[in-house]
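Please open the model in your viewer and keep the selection tool at hand. The tour below moves from one selection to the next and says what to look for at each stop.

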Amino acid sequence: MPRDDAKNLAALCADVDALTGANLETVLATLPNWDSLAVLLTISHFEHTHAVGITATQLRSCRTVRDLLAHLPC
Amino acid sequence: MHSSLSNIRISGLAVSTGSVVRDFRADGLAAGDDPAQLERVAKAIGLRERRVAAPGVTSLDLCEDAARRLLEEMAVDPTSIDALIFVTQTPDYLQPNNSSLLQARLGLCKSVAAFDITQGCSGWIYGLHQAALLCSHGAARVLVCAGDTLSHQTDPKDTATHPIFGDAGSATLVEKTGSESAMHFIFGTDGSGAQAIMVPTGGARQPVAAGAPGAYLQMDGAEVFNFALREVPPAVAGVLKLAGWTPSTTDRLALHQANRFVVSAVARKCGFPDAKCPMDLVEQFGNQSSASIPAALVHACGSTLQEQPLKIAACGYGVGLSWGAAAFTVGPVVVPPMLPFPRR
């Protein structure tokens, strides 16, 4: 079953304020509030919504929102 | 490492905090930070106020105050104490250790065993375990003092780390008892992550030259959050299993009070509802490092503990990286109120 990126993005945006208005191609570094707090909120979202442990190192290597969502299982 | 020890109890707990109140928003505005950003961080992480030690006040002073108040309230003769354990990452000196200095200050016997444990946020669990071990092998009374003044060790320009820390010292009296009360412990260490919380200079590896600026604590909050989510839930589950408890039969989960966001996320993964897990300590006092678990117990359930027993699961996690979990029943015990030091 293919990963539903649109649905996953909507859920992520609901928990991570820095991603409000972002799309799959948004470059994370261009978001004004993409900071250490946003990283914490993203780790928490992956953990509690998807039971996926994404490491800070993995997260920091992501360039776009699509890269982030690629860490979710299909 | 797993360990279960019986015929031991905690008979008293006291905590003294720093006396200087710092306001997160006011400090941020004074430093020129964006008000909207301050509000965002305050709301998400749970930062409002913290109590820091006045200049010149150290963890030794804070723990001495907590110990004096505890022993006085319990009417315990200091010379009846067999061992003193001082847990800190902020000792007064590289040498001698804080426990020797505190032995003299409190007037403990020269026959006392006194030693320091250089652990941070997992340290109170380590101290409790060592006290329980000593009580299992001849000691009748062991005083565990755990405290840190990390607010003095963070860079004021480090806006991610500096606003988090408060300062406190705690005193916990552990006694041998004839009852069957047991304490269960699990410990773990992952030194491969040591750089996530580190003061890089000032030790033998990188000494600080005379006159050089002080060394500051550096922390990678995201790596530490990953670590806590990965290691704490299995450690808590492990001590609950050793005790034969479940989250529903456990009265409180006392986690190291890193901040409300981290505590809430970790408690949730441990299967505990927020109502059973103290998490508002940091909003009023800051992250108190090795003193945060006893402070959470005193702050959140001190009055209850004076009247009835509670089944407590506790877990400290932090610098090392190191973690320690414990499950024990405590109460009724003597719990003096948490007070600032010095008092006006």
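Begin by selecting Asp220(B) together with Arg60(A), whose side chains meet in a salt bridge with 2.8 Å from N to O. Asp220(B) sits in the loop between strand S11 (218-219) and H6 of chain B, while Arg60(A) belongs to helix H3 (residues 56-60) of chain A, so this pair joins two chains. Keep in mind as you look that the model is a predicted one. Asp220(B) has a relative accessibility of 23% and therefore counts as partly exposed, and Arg60(A), at 48%, also falls in the partly exposed class.

Next, show the whole contact between the two chains, to which chain A brings 19 residues and chain B brings 17 residues. About 1,400 Å² is buried between chain A and chain B, and carbon and sulfur atoms give 58% of that area. If you colour Leu37(A), Leu40(A) and His48(A), you mark the three residues that supply 41% of the area chain A buries against chain B, more than any other three. How many salt bridges are there between chain A and chain B? The count is four, and another pair to select is Arg40(B) with Asp35(A), a salt bridge in which the closest N and O atoms are 2.8 Å apart.

Now turn to the interior, where the largest nonpolar core has 73 residues, and select Leu19(A), Trp34(A), Val232(B), Leu253(B), Leu255(B) and Tyr317(B), which touch the most other members. Helix H6 (residues 221-243) of chain B gives the most to this core, namely eleven residues. Centre the view on Leu253(B), and you will find among its contacts Val236(B), Ala267(B), Phe272(B) and Ala313(B). A second core of 44 residues lies separate from this one, and its members include Val15(B), Phe285(B), Ala295(B) and Ile312(B).

From there, select helix H9 (residues 292-305) of chain B, which spans only 17 Å between its end C-alpha atoms, whereas a straight helix of 14 residues would span 20 Å. Look at His299(B), where H9(B) bends by about 55 degrees. Ten of the 14 residues in H9(B) are buried, so that the helix is mostly covered, and the buried ones include Pro294(B), Leu297(B) and Leu305(B).

Finish with Arg230(B) and Glu231(B), which form a salt bridge of 3.2 Å from N to O. Arg230(B) is partly exposed at 41% relative accessibility, whereas Glu231(B), at 17%, counts as buried. As a last selection, take Asp61(B), Glu64(B), Arg68(B) and Arg105(B), which are joined into one network by salt bridges that share partners.

Methods. Residues numbered from 1 in each chain as written. Chains lettered and ligands numbered in written order. Predicted model: local features only at pLDDT ≥ 70, side-chain atom pairs only at ≥ 80, totals over all residues. Heavy atoms only, no water. Core = buried A, V, L, I, M, F, W, Y, C linked by side-chain atoms within 4.5 Å. Buried < 20%, exposed > 50% of the residue type's maximum accessible area, 1.4 Å probe, protein only. Helix = DSSP H or I, 4+ residues; strand = E, 2+ residues; numbered from the N terminus. Contact = heavy atoms within 4.5 Å. Expected span 1.5 Å × (residues − 1). Bend = angle between axes of the 7 residues up to and from the residue. Buried area = accessible area lost by both parts, 1.4 Å probe. Lists of a residue's contacts leave out its neighbours within four places in sequence.
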